[in-house]
Amino acid sequence: MRARFPDFRLGNVLATSFTGTLSERHGDAVERIPTPQRLIDWLTVNGLAVDSCTAAQLDLARELRESIHAAATAAAIQDAPPASAVQVINDCSAQGRAVAILTPEGERRWRLSSASCVEDALSVIAADAISIIAGERDGKLALCASPTCQAAFFDTSRSRTRKWCEMNTCGNRQKKARFNANQRKNPRSAE
């Protein structure tokens, strides 16, 4: 029987979705890629299927994830990204052999090398991080308003005022907490 792992939190932006493989960073952290196989699963779900993953490649993936998170957090608060994070992102971007291709439907997909390896997939994630951190895409980096989460996310809402990394998790949790606090203050309002 396979071990049960937390579901992946998938978004529209590859790099920030990747940082979401570790959530609740300031609370009870939830690791969504605890094993090499789970990294393979996450990459496959995101169109970056690889043949295998070693423990060292998982460590590299986690190092990239944390570097993207650090650089995106710095960008969200309009600070300079840490030099060590920039180095890891750049190194991962440079080491892969992925090619962007256009599908018949007019969408961009990534084709990894014939011997699909984790480094190729990580280079795609690093390149995506570079494009959002450098401000090349329409949107802005922001931090989740949940005090236990504070995940970096890419806000593409019209007003650029989104507060939560995901409304279905952090947003609902905060709304529920606010509702329960109001019920405790005004117990008669529930009648």
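Just past the end of helix H3, glutamine 78 adopts a positive phi of about 60°. This is a predicted model, and the helix leading up to that residue is a good place to start reading it. H3 runs for 22 residues and covers 31 Å from its first C-alpha to its last, close to the 32 Å expected at 1.5 Å a residue. Plenty of its side chains are tucked away: the buried set comprises Gln57, Leu58, Leu60, Ala61, Leu64, Arg65, Ser67, Ile68, His69, Ala71, Ala72 and Ala74.

Two polar members of that set deserve a closer look. Glutamine 57, in H3, has a relative accessibility of 13% and so counts as buried. Leaving out residues up to four places away in sequence, glutamine 57 touches Leu39, Ser52, Val118 and Glu119. Further along H3 comes histidine 69, which counts as buried because its relative accessibility is 12%, under the 20% cut-off. With residues up to four places away again set aside, the partners of histidine 69 are Thr19, Arg25, Gln150, Ala151 and Ala152.

As for the nonpolar interior, the largest core holds 36 residues, and Phe18, Leu39, Leu64 and Ile125 have the most contacts inside it. At least two residues apiece come from H1 (14-19), H2 (36-45), H3 (55-76), H4 (83-95), H5 (118-133) and strand S6 (152-155). H5 gives the largest share, eight residues. Phenylalanine 18 shows how these pieces meet: beyond its neighbours within four places in sequence, its contacts are Ile33, Leu39, Trp42, Ala61, Leu64, Arg65, Ile68, Leu122 and Ile125. A second, separate core has eight residues, among them Ala142, Cys149, Ala151 and Phe153. In soluble globular proteins, nonpolar side chains tend to be buried together.

Zooming out, the protein chain contains six helices and six strands, laid out along the sequence as α-β-β-α-α-α-β-β-α-β-β-α. Its C-alpha trace spans about 65 × 45 × 40 Å along the principal axes. Of the 191 residues, 39% are buried. Among contacts with a separation of 6 or more, 55% link residues 24 or more positions apart.

On the outside, the accessible surface of the protein chain amounts to about 10,900 Å², with 50% of it belonging to carbon and sulfur atoms. The charge tally is 25 positive and 21 negative side chains, and the centres of these two sets sit 10 Å apart.

Conventions. Residues numbered from 1 in each chain as written. Predicted model: local features only at pLDDT ≥ 70, side-chain atom pairs only at ≥ 80, totals over all residues. Heavy atoms only, no water. Core = buried A, V, L, I, M, F, W, Y, C linked by side-chain atoms within 4.5 Å. Buried < 20%, exposed > 50% of the residue type's maximum accessible area, 1.4 Å probe, protein only. Helix = DSSP H or I, 4+ residues; strand = E, 2+ residues; numbered from the N terminus. Contact = heavy atoms within 4.5 Å. Expected span 1.5 Å × (residues − 1). Areas by Shrake-Rupley, 256 points an atom, 1.4 Å probe, with all protein chains shown as cover. Lys, Arg positive; Asp, Glu negative; His and termini not counted. Charge placed at Lys NZ, Arg CZ, Asp CG, Glu CD.
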